[in-house]
Each structure stands twice: as C-alpha cells, then as structure tokens.
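Biologist: I have the sequence and the structure open. Can you take me through the parts worth a look?

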Amino acid sequence: MKNLLGISLEELTGEFVALGQTPYRAKQLYSWIYQKNVLDFDAMTDVSKAFRATLKESYTLALPSVYREQTASDGTIKLLLEMEDGAKVETVLMPYNYGNAICVSSEVGCSMGCAFCASGLHKKERNLTPAEMMGQLLVMNAILAKRGERVTHIVVMGTGEPFDNYDFVLSFLKAANSPFGLSIGARHITVSTCGLPEGIRRYGKEGFQFNLAISLHAPSQEKRASIMPIARAYDIETLFAAVKDYEQSAGRRVTFEYILLSGLNDSFEDADALAALIHRYELCSYVNLIPYNEVKEKPFRRTPKEKIKAFADRLMKKGVPTTIRKEFGGDIDAACGQLRAKVLKEERP
Ligand code: SAH
C-alpha cells in the first residue's frame with residue numbers, strides 16, 4: 001500500500017485526479033494530515049464515505065515506530081526509528097535558541113564513504129521515501145507537542161546523500177514547505193550534499209528559496225580526495241564550477257561545511273588556501289566550521305576549541321564570513337550515524 005505522507009501537493013493532486021477526484025481532495029487531505037494532525041482516514045469527516053473507502057483500500061498514513069529514544073541534558077533528542085521493512089534510521093532534534101531544527105536522514109545507510117563519518121560504516125541499502133522522511137518529522141512533532149513545541153527548521157544532514165535521492169527529498173521538502181502542508185519557511189530548510197554537481201545545478205534551478213550546504217572539508221583536491229571518495233569522481237574545480245552556477249542561477253549563497261580534523265586540514269595554510277579558493281571563484285559563500293565528533297572506529301581527532309577559533313579569525317580576516325557550529329547532544333551518541341551503528345552492531349555482531 002502506498003504511503004501518502006510527505007508527497008508534494010502537486011503529486012498528490014495528480015494521484016487523486018487520476019482516480020477521478022477533484023484537485024480539491026488533495027488539499028483536504030493535506031489539511032487533515034498537516035494542520036489537524038489526523039492520520040486516520042475514518043476521522044476525516046468532510047471526505048465522502050465512498051472516497052474514504054477508496055483511500056483505506058489503496059493507501060496508508062503509517063508513521064515509523066520509535067525503536068530507541070535518547071534525550072541529552074541540553075534538550076537534544078535522538079531517535080532511532082524503525083521503518084515498515086525493519087530498516088533503522090536516525091533522526092535528531094537540535095533545540096537552537098531560534099527554533100527546533102530536525103536533522104533528517106535521506107537514505108538507509110550511505111555509500112559515499114567519507115573517511116571520518118560513522119554513517120558510512122554501513123553502505124546504502126535503499127532510498128528513504130517521502131513518507132519515511134516526513135515520518136521522521138511527524139514523530140518528532142508528536143514528541144515536541146508534549147512540551148507545546150514543534151519542528152521549525154529542517155536540515156537534510158542525517159544519514160545518506162540527499163542528491164543521490166533527489167526526487168524523494170524534494171517531494172518531502174515541498175510538502176513541509178507548502179502553505180497547505182506544514183508551512184515551514186523555505187529559508188528554514190537546508191539540504192547538505194557531499195558535492196554532486198548535477199544535483200547542485202538542478203537544485204539551483206528549482207526556483208525556491210531553500211538553502212544549500214556543501215560538505216567541503218578540505219581546501220585542495222589532494223586533501224579532499226584523501227578523506228572523501230566523491231572527490232575522486234568530481235574534483236574540487238568541478239565542484240566549485242557547479243557552486244558558481246548555483247549561486248548565479250539561484251541568486252543564493254551556499255554554506256561550505258568544513259570539519260576541522262586535527263593535523264589534517266586545520267593549519268593557517270589550510271585556512272589561507274580555503275579563502276583563496278573561494279575568492280578565485282568570486283563566490284559569496286559562508287564557511288561553517290564543524291568541531292569533529294570523534295567516532296571510535298575512525299582515526300581522526302578533533303581540533304581544540306582555541307585553534308578552531310583562530311582558524312575562523314584567519315578566514316574572516318581574509319574576507320570570508322565564517323561561523324562555528326554549535327554542538328548538541330554531547331552526552332548521547334551525537335555523531336552522525338553513531339546510534340544506528342551501535343544498535344546494528346549489537347544486533348548483527
Ligand atoms: N551526505 C550529505 C549529508 C549528510 S552528512 C553531506 O555529505 O553533506 C552531514 C554533515 O555532517 C556533513 O558535512 C558531514 O561531513 C558531517 N559529518 C559527518 N560525520 C561527522 C562527524 N563525526 N563529526 C562532525 N561532522 C560530521
């Protein structure tokens with residue numbers, strides 16, 4: 001049975017029109033799901049009995065189930081959710097002072113193979129559907145509702161490469177953004193990619209105001225290729241050319257994410273090379289420095305705080321707007337994919 005959660009309004013309308021219904025049916029369903037939090041077809045009282053019967057026959061609005069739940073002392077919530085086929089997926093809620101940001105996973109496992117990342121410990125098994133991404137958000141909303149809150153920001157930065165699952169990710173984000181859906185503002189939505197040029201260009205031409213973050217993590221082709229296998233498929237110049245096209249067609253700045261790894265990419269020479277690269281392409285981009293979350297199975301160590309600060313100052317002196325990412329969930333398995341990897345290890349040792 002097809003799960004209708006997270007499907008964009010245009011697609012849902014197409015689906016219902018094909019069944020001989022009016023386009024209005026899709027808006028009605030949206031309103032029940034996203035505004036009234038009703039996921040039971042029988043309770044949708046303004047939908048005709050006959051159409052409710054059709055819905056029940058062919059569709060579902062099932063949510064993933066909560067397999068593990070961890071709450072950190074800073075209010076961070078980490079969930080391991082179980083999908084219908086048993087797949088386990090991580091999702092995290094980060095309570096910023098400006099709102100509640102959910103970090104959504106886009107795939108079961110990940111095949112990008114970044115050397116420092118815990119998500120890549122398990123290869124990609126399949127894409128997550130729009131329903132499974134929306135399911136992550138709605139389950140989190142149900143938990144937050146108990147404290148009178150809800151998700152206000154989305155970052156697609158969980159396990160998986162979103163541009164390797166482009167259509168499903170976009171469908172989900174459109175449903176979240178739609179004024180008939182969850183109404184989460186486009187500027188509160190960010191997709192993070194390890195750098196797939198085709199996806200970056202396509203995203204720049206969609207005509208919405210969603211944000212884009214690029215996982216750069218090194219200022220040169222050689223260093224990048226040593227920690228991110230994707231750089232061997234698309235070198236750093238190819239990536240920057242795509243980012244340049246994006247900034248021009250979308251009229252938006254990207255954020256470069258840069259994890260500081262001790263002794264690997266955290267020297268002043270690295271900062272200078274990074275600034276020079278950004279200036280050479282005349283980009284208006286920001287840099288977001290990420291303190292590394294150490295992963296037991298990986299050899300990388302985090303750069304000390306003062307050195308991160310000095311790296312940021314150096315970039316800013318060179319005219320690159322730079323921020324340092326706030327850290328959450330220090331006392332739970334906070335690093336990307338850590339909880340999932342731990343549970344999978346317990347279950348399939
Ligand atoms: N595949 C996408 C999105 C998922 S990763 C991408 O690569 O952007 C989201 C971000 O978390 C990326 O910048 C990734 O490099 C970073 N990340 C992965 N493992 C990390 C760790 N242990 N500590 C800090 N950041 C990490």
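**Ligand, helix and loops**

Biologist: Start with the backbone. How far from an oxygen atom of the ligand does a backbone N or O atom of Cys194 lie?

Modeller: Keep in mind that this is a predicted model. A pair of N or O atoms counts as a polar contact within 3.5 Å. For Cys194, the backbone atom and the ligand oxygen are separated by 3.5 Å.

Biologist: Which residues come nearest to the ligand?

Modeller: The ligand has 20 residues around it. Ser192 puts a polar side-chain atom 2.6 Å from a ligand oxygen. Ser215 has a side-chain N or O atom 2.6 Å from an oxygen of the ligand. The nearest residues are Gly160, Ser192, Ser215, His217 and Asn293.

Biologist: How much of the ligand's accessible area does the protein cover?

Modeller: Take the Ser215 side chain again, 2.6 Å from a ligand oxygen. On its own, the ligand has 540 Å² of accessible area. The share covered by the protein is 94%.

Biologist: How many residues of the shell around the ligand are charged?

Modeller: Strand 10 (189-193) and strand 12 (255-260) each give the shell at least two residues. By class, the shell holds 11 nonpolar and seven polar residues. The charged ones number two.

Biologist: Now helix 9. Within what arc do its buried residues fall?

Modeller: Helix 9 runs over residues 236-250 and spans 21 Å from its first C-alpha to its last, close to the 21 Å expected. Its buried residues are Ile236, Leu239, Phe240, Ala242, Val243, Tyr246 and Glu247. They line one face of the helix, because seen down the axis they fall within an arc of 160°.

Biologist: Why would such a spacing put residues on one side?

Modeller: Residues three or four places apart point the same way, because an α-helix has this many residues a turn: 3.6.

Biologist: How far apart are the C-alpha atoms of Ile200 and Leu239?

Modeller: Ile200 sits in helix 6 (residues 197-204). Ile200 is buried, at 0% relative accessible area, and Leu239 of helix 9 is buried too. Along the chain they are 39 residues apart, yet their C-alpha atoms are separated by 8.9 Å.

Biologist: Is Asn37 buried or exposed?

Modeller: Asn37 lies in the loop between helix 2 (24-35) and helix 3 (49-58). Asn37 is not a glycine, but its phi is positive, about 55°. Exposed means over 50% relative accessible area. With 61%, Asn37 is exposed.

Biologist: What is the relative accessible area of Ser183?

Modeller: Ser183 is in the loop between helix 5 (166-177) and strand 10. Ser183 also has a positive phi, about 60°, without being a glycine. Ser183 is partly exposed, with a relative accessible area of 43%.

Definitions and conventions
Residues numbered from 1 in each chain as written. Predicted model: local features only at pLDDT ≥ 70, side-chain atom pairs only at ≥ 80, totals over all residues. Heavy atoms only, no water. Near = heavy atom within 4 Å. Polar contact = N/O pair within 3.5 Å; in protein donor to acceptor, adjacent residues only side chain to side chain. Areas by Shrake-Rupley, 256 points an atom, 1.4 Å probe, with all protein chains shown as cover. Helix = DSSP H or I, 4+ residues; strand = E, 2+ residues; numbered from the N terminus. Nonpolar A, V, L, I, M, F, W, Y, C, P; charged D, E, K, R; others polar. Expected span 1.5 Å × (residues − 1). Buried < 20%, exposed > 50% of the residue type's maximum accessible area, 1.4 Å probe, protein only. Arc of directions from axis to C-beta.
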